[in-house]
Amino acid sequence: MFRKVFEYAGPYKKKTIASGIVILIAVIFNILPFIFVYQVITPLVMGEKISGGMVAWRAAGVGICLLCHACLYVKGLSISHDAAYHILMRLRVSLQQKMEKLPLGVIQEKGTGSLKRMFVDDIDSMEMLLAHTLPEGIGNVAVPVIIYISLFFIDWKLALMTLASLPAGLAAMMIMYAIGMKDMANYYQAGKVMNNTIIEYINGMEVVKVFNKDADSYRRFEKDIKAYRDFTLDWYKACWPWMALYNSILPCTLLVTLPLGSWFVLKGYSTLPDLILVMCLSLSMGIPLLKALGFLPSLPQINYKIETLEKMMGADSLKQNGEDFRGENHTVKFQDVVFAYDKDSKDMAADHVSLTIREGEKTALVGESGSGKSTPAKLLVHYYDLKSGKITVGGQDICDMSLEALNSQISYVSQEQYLFHMSLKDNIRLGKLSASDEEIMEAAEKAQCMEFIEKLPDGMDTMAGSAGKQLSGGQRQRIALARAILKDAPIIVLDEAMAFTDPDNEEKMEAAMAEVSRGKTLLVIAHRLPSVKDADQICVMEHGKLTASGTHEELMQNCAEYQKLWKASIDSMNWKVESGKEAQS
């Protein structure tokens, strides 16, 4: 286990070892007073003369040892904490670098609750291992081992008596660990479910209130919290009796030594000074043993957390290399692409899809909800690796270029655009970090953003709020379009980019998208078919399969599914809510 931790320690491994050595010396200073006590008691018991000066020096030695112990212990913990937080920083950076290489879709599937627990809670809890369990545990375990070895040189018979408490104590400890490890997975799964439920409960509060689902939502919230509570209590209740047993037995080194050792002295098998020395040394082991045992219950949790982190970091990386984009043009080709969101599922989100999106042309993907029309867009921007087939840009496989190189060629605008809690200007600037204020203003104008930005109190310097909550859905999408305009990539992917657009702003959004896509290779995924009527190529998706393609006129003549989609789209545009009076008339 320590070897795995040290893999992330780097230069701070030496500090961690140094802290263990300092604490080990501190523990030794805590043992020496018992030697001084032995040197005072033995002459008194044996009837020998002892001077007041000798007693005074031994008393002074006890005080000095205790002072050295306190100073060295504090120093050792200071070193260990400094090393621990640097190691935690390196661990988080290592995890973040690994996550950058994972498919973005895989990261999203894990849920914010489990990721937050992993990055914050699980890694923070490892501070106990690095700053305490490791240096203090080693120091407080090493000294009793040294003392046990020394006891055999004093009197092997008395030493064996001192060891008598170990088998029972260790047996209780092993049983506790076995119980703890058996239920560890359920405990952490319950915690993961609870975290995700709490986040969903908070994020969905608006919907819950509007539809009067407080009771239903709270019941699930309460159920998952109680499940976590019950798993935790059941886990601890199963471990507590064994924990109490080994905490009571292991430090009790005089359990056999005092009665049986005294009998041995009376029979002449051992000497009284040896018994006194063995008892003093045995008593000196109690404090280090109890401190060491205090950290042992956390070891199963730490093991599980390390294994969980390694499993996360051991996931398959996104297939890519460090090559630059070297495609001949910006024509995109899907060649017999097969993909499923669940690797074990037989339902394909992309079922042998072959499609050519020609450079400079507009291609639209349409279909009912769940038809798989958004999947090709996510695969093109390399959210996931394919099960089979390939996607090329200008003849170059997207797996044969770095993700940065691919991203430099594509602007991706989805229906859910995330805005950071910074100014609108800086949110737009993400499209091109080197852009001047004038370029940002021009992009905002082209994306039809200035109409609402000019009404804001601070204009472009207005803060977007957490996740862009200060803006409406349509406004956020126009900010996202401004990013795409500023980026000026040769390939544009618009995935339901007008999903939140109201009828009054639909023309503005269409004008903004026309500005984004002018002269570009354009892939549009849309529910509103009139917005893609003018596309050079419209492709119809059904259950992950591309069933038809052509212009609007060709599909209206030859494709029943497209005719149905068109009729539904037109009907929805003409639909309106009538008042009760109008309905009666």
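This report describes the overall make-up of one protein model, then two helix packings and a few single residues.

The model is predicted, so local features are reported at a pLDDT of at least 70 and side-chain atom pairs at pLDDT 80 or more, while totals for chains, interfaces and linings use all residues. Residues are numbered from 1 along each chain as its sequence is written, and side-chain values use heavy atoms, with hydrogens and water left out.

## Overall make-up

The secondary structure of the protein comes to 24 helices and 10 strands, where helices (H or I, at least four residues) and strands (E, at least two) are DSSP runs numbered from the N terminus. Of the 585 residues, 46% count as buried; buried means under 20% relative accessible area, exposed means over 50%, and partly exposed lies in between, with a 1.4 Å probe and protein chains only. Among contacts between residues at least 6 apart in sequence, 79% join residues at least 24 apart, a contact being heavy atoms within 4.5 Å.

## Two packings of helix α6

Helix α6 (residues 127–154) packs with helix α3 (residues 52–101), and α6 also packs with helix α12 (residues 272–284). The table gives the angle and the axis distance for each pair; axes are lines fitted to C-alpha atoms, for helices over the stretch in contact, and angles run from 0 to 180 degrees between N-to-C directions.

| Helix pair | Angle | Distance between axes |
|---|---|---|
| α3 and α6 | about 140° | 8 Å |
| α6 and α12 | about 175° | 11 Å |

With that angle, α3 and α6 are oblique to each other, whereas α6 and α12 are roughly antiparallel; angles under 35 degrees count as roughly parallel, over 145 as roughly antiparallel, 65 to 115 as roughly perpendicular and the rest as oblique.

On the α3 side, the residues that meet α6 include Tyr 73, Leu 77, His 81 and Leu 88, and their partners in α6 include Leu 130, Ala 131, Pro 135 and Asn 140. The residues of this contact of α3 with α6 divide into 9 nonpolar, 4 polar and 2 charged, where Ala, Val, Leu, Ile, Met, Phe, Trp, Tyr, Cys and Pro count as nonpolar, Asp, Glu, Lys and Arg as charged, and the others, Gly among them, as polar.

In the other packing, Ile 147, Leu 151 and Ile 154 of α6 meet Asp 274, Leu 277, Val 278, Leu 281, Ser 282 and Ser 284 of α12. The residues of the contact of α6 with α12 divide into 6 nonpolar, 2 polar and 1 charged.

## Single residues

Thr 521 is placed in strand β8 (residues 521–525), and with a relative accessibility of 2% Thr 521 counts as buried. The side chain of Thr 521 reaches the backbone oxygen of His 330 at 3.1 Å. Leaving aside neighbours within four places in sequence, Thr 521 has contacts that include His 330, Ile 357, Arg 358, Pro 490 and Ile 492.

Two loop residues have a positive phi although neither is a glycine: for His 382 the value is about 65°, and for Asp 488 it is near 60°. His 382 lies in the loop between α15 (375–380) and β4 (388–393) and is buried, with a relative accessible area of 3%. Asp 488 is found in the loop between α20 (473–487) and β7 (491–495).

Ser 572, in helix α23 (residues 560–574), is partly exposed, with a relative accessible area of 48%. From C-alpha to C-alpha, Ser 572 and Arg 528 are 9.2 Å apart in space, and in sequence they are 44 residues apart.

Methods:
A polar contact is a pair of N or O atoms within 3.5 Å; within protein, one must be able to donate a hydrogen and the other to accept it, and residues adjacent in sequence count only if both atoms are side-chain atoms.
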